[in-house]
Amino acid sequence: MTSSRILLEELGARAAVCTACSLAATRNHVVFADGNPEADLMFVGEAPGSNEDLQGLPFVGAAGKLLDRLLGEIGIKREDVYIANVIKCRPPGNRDPRPEEIDACQDFLRMQLSLVDPRVVVTLGNVATKLLLKRDVGITRLRGQAYPWWNRQLVPTFHPAAALRGGDRVLEEMRQDFALVATLLRTPPAADPVTAAADPEQLGLFE
Ligand code: SF4
């Protein structure tokens, strides 16, 4: 097993007993991640919903099925990508995560990004996009393009739950974003001498 896999397992074990914010009191399971810890493609969602909380896995409900479908349309299987959320425990009633909960939990995501070291990161929805991209602009305006990010490419798109609510237009725009992801994965990024050696964990990924 690679050292990254071992460190991710240790990190997951730490998360499983985490009580750093009040969500620990109402969760059934900590939802740490799913998929390939050595993936080139990593998804960052918002927070677990009720199905995820019950099963301890991210994106296993209707939104997860849509994510799997969109991945399948670009020829990628779920087990070939790494999937995590900004926060690891379900907010009661699926409310938005609070700033103090994001603060308490973000070191887990920071370490996951550093250890998986994907070439392409896809943020699903406003919460993940705002945290990683540091832009106070809604997802509707940010999506549709890739952003250079710590010597990687970041592609913001809608959360699949928004596509389930928003109908064909949102779904079609997600398809366009996934097609962009497929193109990026086929195209090796040019080495950037300034950022190639940057370690996102040490440089303060979310600061
Ligand atoms: Fe810990 Fe994150 Fe769960 Fe809060 S949401 S208890 S910080 S794992």
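How many residues does helix H8 have, and how far does H8 reach from its first C-alpha to its last? Helix H8, residues 168-186, has 19 residues. The reach is 27 Å, close to the 27 Å expected at 1.5 Å a residue. Keep in mind that this is a predicted model.

Now, which residues of H8 are buried? They are Met174, Phe178, Leu180, Val181 and Leu184. These residues cover an arc of only 155° around the axis, so they sit on the same side of H8. Turn to the other side of H8. There, Asp168, Arg169, Glu172, Gln176, Thr183 and Arg186 are exposed.

What do the buried residues pack against? Three strands: E2 (41-45), E4 (120-124) and E6 (152-157). Two helices as well: H3 (62-73) and H7 (160-166).

On to the sheet. Six strands form it, and it is open. The order is E1-E3-E2-E4-E6-E5, with mixed pairing. At the edges are E1 (34-35) and E5, each pairing on one side only. E5 and E6 run antiparallel, joined by three bridges. Trp149 stands opposite Arg152 in E6. H8 packs on this sheet, touching E2, E4 and E6. The direction of H8 makes about 170° with that of E6.

Another helix, H5, residues 126-133, lies across E2, E4, E5 and E6. H5 runs at about 135° to E4.

Last stop: a loop. Gln145 is found between helix H6 (139-142) and strand E5 (147-149). Is Gln145 buried or exposed? Gln145 counts as exposed, because it has 11 C-beta neighbours inside 10 Å, and the cut-off for exposed is 12 or fewer.

How values were computed
Residues are numbered from 1 along each chain as its sequence is written. This is a predicted model: local features need pLDDT of at least 70, side-chain atom pairs count only at pLDDT 80 or more; totals for chains, interfaces and linings use all residues. Helices (H or I, at least four residues) and strands (E, at least two) are DSSP runs, numbered from the N terminus. The expected span of a helix is 1.5 Å times one less than its number of residues. A residue is buried if 20 or more other C-beta atoms lie within 10 Å of its own, exposed if 12 or fewer, and partly exposed in between; C-beta atoms are placed from the backbone. The arc is that of the directions from the helix axis to the C-beta atoms. Two residues are in contact if their C-beta atoms, placed from the backbone, lie within 7 Å. Two strands pair if DSSP finds at least two bridges between them. Axes are lines fitted to C-alpha atoms, for helices over the stretch in contact, and angles run from 0 to 180 degrees between N-to-C directions.
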